[in-house]
Each structure stands twice: as C-alpha cells, then as structure tokens.
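User: I have a chain open here and want a quick read of it. Can you walk me through the basics?
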Amino acid sequence: MKKNLRLEQALHQLQRTQSQLIQSEKMSSLGQLVVGVAHEINNPVGLIYGNLSPASEYVCDLLNLIDLYQEYYPEPVDEIQDEIEDINLEFMTEDLQKLLNSMKVGAERI
C-alpha cells in the first residue's frame with residue numbers, strides 16, 4: 001500500500017517535472033524567436049537610421065542650391081516655372097525636412 005502511494009507520488013512528481021521541462025523548452029524557443037525577429041528588424045532600421053543624417057544634409061544642400069538659382073535667376077523659363085508649380089516646390093521645401101525628421105524619430109523609436 002505504502003509502496004503504491006510512493007510510486008503514485010513519484011509518478012505525479014515526474015509528470016510535474018516533465019510539464020515544467022516542456023514549458024521551459026517552449027519559453028526558450030519563444031525567446032529565440034523574439035531575438036531573431038528583433039535582429040531582423042534592427043538591421044534594416046539601423047541601415048535606414050544611419051543614412052537619414054547624410055540624406056538630410058544632401059537635401060539641405062540641394063534646397064540651398066535651388067534658393068541660389070531662384071535668387072540669381074528669378075525669372076525661369078516657362079517649362080521650369082510649370083514644373084515648380086506642378087510639384088508645389090514651396091510646400092515640398094517646407095515639408096521635406098519635417099518628413100526626414102519624422103522618419104528619424106520613428107527609426108529611433110523602433
């Protein structure tokens with residue numbers, strides 16, 4: 001009788017241990033999956049983030065060049081004037097730096 005009780009207790013203990021091992025293995029697998037996903041996200045985000053500062057500088061340089069052209073050639077030919085209106089250059093020059101800053105903030109948050 002005592003032997004049966006001890007065997008039954010040992011069996012329950014083995015079942016609990018087995019359940020804990022299975023749960024531990026599941027958590028380990030989940031941890032590895034999370035690390036893999038984080039790595040896959042961080043690599044491209046790091047690449048984007050690292051290129052935002054030079055891209056922002058290039059944009060500033062190009063906008064300054066456009067300003068110089070407008071200062072020294074205030075009356076562009078019709079084709080250029082039409083393109084300026086079509087692309088809404090004034091809005092674009094105001095919004096472009098905001099757009100790049102927003103992208104930088106988003107990349108930092110990720």
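Analyst: Confidence comes up first, then the pocket, then one residue.
Analyst: This is a predicted model, where local features need pLDDT of at least 70, side-chain atom pairs count only at pLDDT 80 or more, and totals for chains, interfaces and linings use all residues. Residues are numbered from 1 along each chain as its sequence is written, and side-chain values use heavy atoms, with hydrogens and water left out.

User: What does the protein chain average in pLDDT?
Analyst: The average is 92, and 100% of the residues score at least 70; pLDDT is the predictor's confidence in each residue, from 0 to 100.

User: Where is confidence lowest, and where highest?
Analyst: Helix α1 (residues 2-72) is lowest at a mean of 91, and helix α2 (residues 78-86) is highest at 96. Helices here are DSSP runs (H or I, at least four residues), numbered from the N terminus.

User: Pockets next. Which residues are closest to the centre of the largest pocket?
Analyst: Of 15 lining residues, those are Ile 66, Tyr 69, Gln 70, Ile 80 and Ile 84. A pocket is an open set of points on a 1 Å grid over the protein atoms alone, where a 1.4 Å probe fits, with protein on both sides within 12 Å along at least five of seven lines; lining residues have an atom within 4 Å of a point.

User: Which element gives the largest share of that lining?
Analyst: α2, with 4 residues.

User: Switching to Glu 40: buried or exposed?
Analyst: Glu 40 counts as exposed because its relative accessibility is 55%, and exposed means over 50% (1.4 Å probe, protein chains only). Glu 40 sits in helix α1.

User: How far apart are Glu 40 and Pro 76?
Analyst: They are 36 residues apart in sequence and 48 Å apart in space, C-alpha to C-alpha.

How values were computed
Helices (H or I, at least four residues) and strands (E, at least two) are DSSP runs, numbered from the N terminus. Buried means under 20% relative accessible area, exposed over 50%, partly exposed in between (1.4 Å probe, protein chains only).
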